[in-house]
Number of protein chains: 2
Amino acid sequence: MSTQAASPQGAATQAAATQVASPEAGPPEVASSQGPAVPGVQSVHRALDLLEILAAAGGRLPMAELAARAQLPTPTVHRLLRTMVERGYLRQLPDRSYALGFRLVPLGARANAMVGANASGVLHDLVAELGETANLAVLSGDQAEYVAQAPSRYAMRMFTEVGRRVDLHSTGVGKALLAQLDDDDEALGIIRSRGLPRYTAHTVGTETALRAELRRIRERGFALDEQEQEIGVRCVAIALDPASAPGVAVSVSGPTARMTDELVERAVGLLRAAASRLAGDLRD
Amino acid sequence: MSTQAASPQGAATQAAATQVASPEAGPPEVASSQGPAVPGVQSVHRALDLLEILAAAGGRLPMAELAARAQLPTPTVHRLLRTMVERGYLRQLPDRSYALGFRLVPLGARANAMVGANASGVLHDLVAELGETANLAVLSGDQAEYVAQAPSRYAMRMFTEVGRRVDLHSTGVGKALLAQLDDDDEALGIIRSRGLPRYTAHTVGTETALRAELRRIRERGFALDEQEQEIGVRCVAIALDPASAPGVAVSVSGPTARMTDELVERAVGLLRAAASRLAGDLRD
DNA sequence: TCCCGAATTTCGTATGGTGGAATAGCCTTT
DNA sequence: AAAGGCTATTCCACCATACGAAATTCGGGA
C-alpha cells in the first residue's frame with residue numbers, strides 16, 4: 001500500500017487568490033504526525049471543499065475552475081457537483097457554471113438560530129457598552145471566518161460581513177484561536193499553508209515572533225491586534241472555552257483613536273463575560 | 001409538540017430506499033425511460049441526509065437517533081459525523097449529541113446573498129402591493145421548503161419561518177412546483193413517498209384528482225391553494241422559469257376574507273412579474 | 001465498586017468511487 | 001456556414017476507499 005495519497009485534504013480549499021508562498025512550499029507529508037489516522041470520508045471532504053471554494057469565490061464558478069482549485073480531476077468534481085445539485089445545495093446556471101444552492105439557506109438559518117439568536121444579543125450588548133463593533137468568528141480551515149457581528153454606531157467603523165475570511169496571524173480573533181490550540185506546532189502547521197503575509201509594518205512576520213505572541217496571549221488570557229491587519233485598527237479578542245465551543249472567538253475592534261488602553265481594559269472584562277455567556281449558550 | 005418525530009426520515013430520501021442490489025452485474029434497469037445513470041456519490045448523499053435530519057429535528061440529536069433515522073449502521077454514521085465535525089459543519093455537544101455547526105452560517109448567508117438580497121426586495125414589493133404575506137420556496141426532496149418571506153402587515157397573517165417544510169400536494173407552492181415537472185409520473189413518483197394526507201376537507205386526496213389539478217395549473221399558469229392546507233387560508237403560487245431556476249416558486253397567501261377573487265387576480269399578474277424578476281436575478 | 005447502554009475504534013472485505021480516455025456540446029473564429 | 005478549440009459530460013475497468021459486524025472503550029447510574 002502506497003501512502004501516496006498525500007494530497008493536503010482540507011488545505012486544498014482556497015489555493016487561489018493567495019500570494020506566492022515561499023519556494024519550499026508544497027509540504028505533502030509532515031513527518032511529525034502519523035498521518036494515516038482517521039482522515040474522515042474522502043468524498044465528503046471533497047464535497048465540502050467544493051462548497052467552500054464556491055463560497056470563497058463569491059458563489060459562482062465554472063467546473064474547470066473548481067476542479068483546478070480543488071486539485072481534482074474533472075470527472076470526480078463533476079460527479080460530486082451533480083450529487084449536490086441533485087440535492088439542491090448547488091445549482092447550475094444557464095452558462096453551466098455552478099453556484100451555491102437554495103437548500104443552504106434554511107440550513108444556515110437553522111444553524112444561526114441555534115447560536116445567532118443569543119449571540120447577536122450578546123454582541124449587541126458589547127456594542128452598547130463599548131461603542132465599538134463586536135464580532136463572532138470561527139476557525140475555518142487555515143483562516144478565521146466571521147459568523148455574526150454587531151456594528152458600532154459610529155460612522156467610522158469596521159466593515160465586516162458574515163462570511164468574510166481573514167488570516168489567523170494578523171487578526172485578533174485569529175491569534176486568539178491559534179493560542180487556543182493545544183500546542184504551537186499545531187498552530188504553526190496550520191499557519192504554514194498560507195505563510196505569514198505582512199499586511200502592515202506591525203504584522204507578526206516570523207514563526208518565532210508568532211510563538212512569542214501566542215505565549216503572551218495564553219498568559220494574559222486575551223489577544224490584541226495592534227494595527228496588524230490594517231493601519232489604524234485595534235482589536236481585542238478572546239476565544240470561548242474550548243471544552244464547550246472549540247474554535248470560536250469574540251472580538252471588539254475599532255479605530256486606534258477610540259480604542260484607548262482604558263477602553264481595551266474594559267473590553268477585556270466584558271469580552272470574558274460575553275465569551276462565557278456564549279459558551280453557555282453553545283453547551284446545551 | 002412542534003417536532004414531528006412521527007415524520008419519517010423525510011430527508012433520507014432515496015439513498016436507503018433503492019439499495020437492493022441484485023447479485024448479477026449490470027446497470028439496474030429502471031422502469032422509466034432514461035433513468036438516472038449516475039445516482040451520485042453515496043457518501044455525500046448520506047452526509048447531506050444527516051445534515052437534513054438534524055435540521056429537521058431542530059438541530060440536535062444523539063448519534064444513535066441519527067443512525068436510526070438515516071437507517072444506517074452506527075459506525076458509518078459516526079465516520080460521516082466526524083468528518084463534518086472536523087470541518088466545522090457540525091459540532092459535538094458536551095453530552096456527545098451532535099448539532100449543526102457554525103460553518104453553515106456563512107455558507108447560508110452567502111447563498112442567501114445571491115438571491116435573498118433581491119428576493120426579499122421582490123417579496124416586500126408584493127406585500128406592499130397586495131398586503132398579504134409573500135413567500136419564496138424551493139423543492140426539497142419530497143417537500144417544499146421556504147427560503148425567504150416577507151410578512152403581511154396585518155395582525156392576522158400567515159406565520160411561516162425560513163426552513164419550514166410543507167407537503168407538495170396541499171400547498172400553493174408545492175402544487176406549482178409539481179406542475180413544473182416534466183410529466184405527471186415524475187410528480188406522482190415524488191408524491192408517493194409521503195402519500196396524500198388530507199389536512200382539510202379541500203385537500204387533494206387522490207392521484208387522479210392531483211393529475212387533474214396539475215393539468216389545470218399548467219393551463220392557467222398558476223396554482224391555487226383553496227384552504228387545502230389549513231382552513232381559512234387561500235394562496236396563489238407561481239413557479240419560476242425552470243430554465244433559469246428549476247424548483248423555485250413564489251406565493252402570496254392570506255385569510256379567505258381578504259383573499260378575494262379580485263385580489264387573487266391582481267396577485268397573479270404581480271406574481272408573474274415577481275417570478276420573472278427573481279428568475280432574472282438567479283440566471284446570472 | 002460494578003453494570004449497562006451508547007459511542008468509538010478496529011479490521012477484513014467488496015462495494016462504491018476514482019480518474020484516464022473518449023464523446024458530446026458550446027461558442028468563437030475564419 | 002464550417003472548422004476549430006474549449007469545456008462539460010459519459011464510460012468503464014481497476015483498486016483504493018468506505019463499509020459495517022464485531023470488539024472495545026467510555027460515561028453515567030445504582
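A polar contact is a pair of N or O atoms within 3.5 Å; inside protein, one atom must be able to donate a hydrogen and the other to accept it, and residues adjacent in sequence count only if both atoms are side-chain atoms. Keep that in mind as we look at this predicted model, where local features need pLDDT of at least 70, side-chain atom pairs count only at pLDDT 80 or more, and totals for chains, interfaces and linings use all residues. Residues are numbered from 1 along each chain as its sequence is written, chains are lettered from A and ligands numbered from 1 in the order in which they are written, and side-chain values use heavy atoms, with hydrogens and water left out.

Let's start with DNA strand D. A polar side-chain atom of Tyr98(A) sits 2.9 Å from one of this strand's phosphate oxygens. The backbone joins in too: a polar backbone atom of Met63(A) is 2.9 Å from a phosphate oxygen of DNA strand D, and for a backbone N or O atom of Ser43(A) the distance to a phosphate oxygen is 3.0 Å. Which elements give two or more residues to the surface near DNA strand D? Chain A offers helix H1 (42–56), helix H2 (63–70) and helix H3 (74–87), while chain B offers helix H2 (42–56) and helix H4 (74–87). (Helices are DSSP runs of H or I with at least four residues, numbered from the N terminus; strands are E runs of at least two.)

Altogether, 19 residues surround DNA strand D, and Gln42(A), Met63(A), Tyr98(A), Thr76(B) and Arg79(B) come nearest. "Near" here has a cut-off: one of the residue's heavy atoms lies within 4 Å of the strand. Of the atoms of DNA strand D that come within 4 Å of the protein, 76% are from sugar and phosphate.

Now for DNA strand C. It has 21 residues around it, and the closest are Thr76(A), Arg79(A), Gln42(B), Gln92(B) and Tyr98(B). Sugar or phosphate supplies 75% of the strand C atoms within 4 Å of the protein, and bases supply the rest. Polar backbone atoms of Met63(B) and Ala64(B) each lie 3.2 Å from a phosphate oxygen of DNA strand C. With His78(B), a side-chain N or O atom is 3.2 Å from a sugar or linking oxygen of DNA strand C.

How do the two protein chains relate? A rotation of 179° with 0.1 Å of shift along its axis superposes chain A on chain B, with an RMSD of 0.2 Å. That is the relation of a two-fold axis. The fit is by least squares on the C-alpha atoms of residues with pLDDT of at least 70 in both copies. In chain A, the residue closest to the rotation axis is Gly108(A), whose C-alpha is 2.1 Å away.

Finally, look within chain A. Helix H5 (residues 172–180) and helix H7 (residues 207–220) of chain A pack at an angle of about 80°, with their axes 9 Å apart. The axes are lines fitted to C-alpha atoms over the stretch in contact, and angles run from 0 to 180 degrees between N-to-C directions. H5(A) and H7(A) are therefore roughly perpendicular to each other, a label for angles of 65 to 115 degrees.

Methods
Angles under 35 degrees count as roughly parallel, over 145 as roughly antiparallel, 65 to 115 as roughly perpendicular and the rest as oblique.
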